[in-house]
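Colleague: I should like to learn how to read the features of a model from its coordinates. Could we work through an example together?

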Amino acid sequence: MANNASLTPAEISWQLHRLPALDRDAFIAAHYLGQGVAWKTRFFDAIDWGAGSVLQFSFLQRGWHRHSRLDNPIYAYIDIEQHPETRGLRRGRRIDLEGTIKGVDFVTGITLTLERFEILPVNFFDRFVISSDSRY
């Protein structure tokens with residue numbers, strides 16, 4: 001996988017905002033699809049879309065950054081039978097994702113084909129993030 005460490009989800013949104021609406025699809029196909037990425041995220045939610053044990057997980061980019069107002073979710077499909085550690089995820093948990101960009105939707109977000117994901121240990125700050133996000 002060819003990582004592009006400087007490419008972030010928010011930068012993708014920012015670049016797409018600057019393009020004419022009818023030029024976006026061609027730009028996405030030429031510049032993003034198949035691009036390898038490694039992103040630091042936080043778990044947001046899981047959606048059962050009726051494909052058995054495969055769920056659609058959504059993540060948000062972790063931390064503050066220059067284009068944060070343009071953040072859209074990052075989606076990935078994970079088989080919970082193969083990855084039982086995902087069953088106990090709570091909103092706000094830090095997750096590192098590695099994979100390739102499978103799709104970019106200007107409105108809804110970015111979908112990855114995951115090659116690896118890592119659920120990181122909870123640190124002191126995470127306890128506050130997880131508990132405040134879990135109240136909703």
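Modeller: Let us start with Arg93, whose place is in the loop between β3 and β4. Please bear in mind throughout that this is a predicted model.

Colleague: How does Arg93 count in terms of relative accessibility: buried, partly exposed or exposed?

Modeller: The class follows from the relative accessible area, where buried means under 20% and exposed means over 50%. Arg93 has 21% relative accessibility, so this residue counts as partly exposed. One may also relate sequence distance to spatial distance. Arg93 and Phe59 lie 34 residues apart along the chain, and their C-alpha atoms are separated by 9.5 Å.

Colleague: Which residue would serve as a buried case for the same reading?

Modeller: Ile78 in strand β3, residues 74–79, may serve. Its relative accessible area is 3%, and because buried means under 20%, Ile78 is buried. Thr113 is 35 residues from Ile78 in sequence, with 9.4 Å between the two C-alpha atoms.

Colleague: Which residues does Ile78 touch, leaving aside those up to four places away in sequence?

Modeller: Ile78 touches Ser53, Val54, Leu55, Phe57 and Phe59, and further His83, Thr86, Leu114 and Phe117.

Colleague: Is Asp96 buried or exposed?

Modeller: Asp96, found in strand β4, is buried, with a relative accessible area of 12%. Not counting residues up to four places away in sequence, Asp96 touches Trp39, Lys40, Arg62, Arg116, Phe117, Glu118 and Leu120. Phe117 is thus a residue touched by Asp96 and also by Ile78.

Colleague: How many helices and strands does the chain have, and in what order do the elements run?

Modeller: There are 3 helices and 5 strands. Read from the N terminus, the order is α-α-β-β-β-β-β-α.

Colleague: What share of the residues counts as buried, and what share of the contacts joins residues 24 or more positions apart?

Modeller: The chain has 136 residues, of which 38% count as buried. Among contacts with a separation of 6 or more, 62% are between residues 24 or more positions apart. The chain exposes about 8,000 Å², with 53% of that area supplied by carbon and sulfur atoms.

Colleague: Let us turn to a single helix. Which residues of α1 are buried, and why do they lie on the same side of α1?

Modeller: The buried residues of α1 are Pro9, Ala10, Ile12, Ser13 and Leu16. They lie on the same side of α1 because they cover an arc of only 160° around the axis. These buried residues pack against α2 (24–31), β1 (36–51) and β2 (54–61), as well as β3, β4 and β5.

Colleague: How does one find cavities, and how many of 30 Å³ or more does the search of the whole structure give?

Modeller: A probe the size of a water molecule is rolled over the atoms, which shows where empty space is left. Here the search finds 1 cavity of 30 Å³ or more, and the volume of the largest cavity is about 40 Å³.

Colleague: Which residues line the largest cavity, and which element gives the most to the lining?

Modeller: The lining consists of Ile12, Ser13, Leu16, Asn72, Val104, Asp105, Phe106, Gly109 and Ile110. α1 gives the most, with 3 residues. At least two lining residues each come from α1 (9–17), β4 (94–105) and β5 (109–119). By class, the lining has 5 nonpolar, 3 polar and 1 charged residues.

Technical notes:
Residues are numbered from 1 along each chain as its sequence is written. This is a predicted model: local features need pLDDT of at least 70, side-chain atom pairs count only at pLDDT 80 or more; totals for chains, interfaces and linings use all residues. Side-chain values use heavy atoms; hydrogens and water are left out. Helices (H or I, at least four residues) and strands (E, at least two) are DSSP runs, numbered from the N terminus. Buried means under 20% relative accessible area, exposed over 50%, partly exposed in between (1.4 Å probe, protein chains only). Contact means heavy atoms within 4.5 Å. Accessible areas come from the Shrake-Rupley method with a 1.4 Å probe; for residues, only the protein chains shown count as cover. On a 1 Å grid over the protein atoms alone, a cavity is a set of points where a 1.4 Å probe fits but cannot get out, and a pocket is an open set with protein on both sides within 12 Å along at least five of seven lines; lining residues have an atom within 4 Å of a point. Grid points are joined across faces, edges and corners, and a volume is the space filled by probe spheres set on the points. Ala, Val, Leu, Ile, Met, Phe, Trp, Tyr, Cys and Pro count as nonpolar, Asp, Glu, Lys and Arg as charged, and the others, Gly among them, as polar. The arc is that of the directions from the helix axis to the C-beta atoms.
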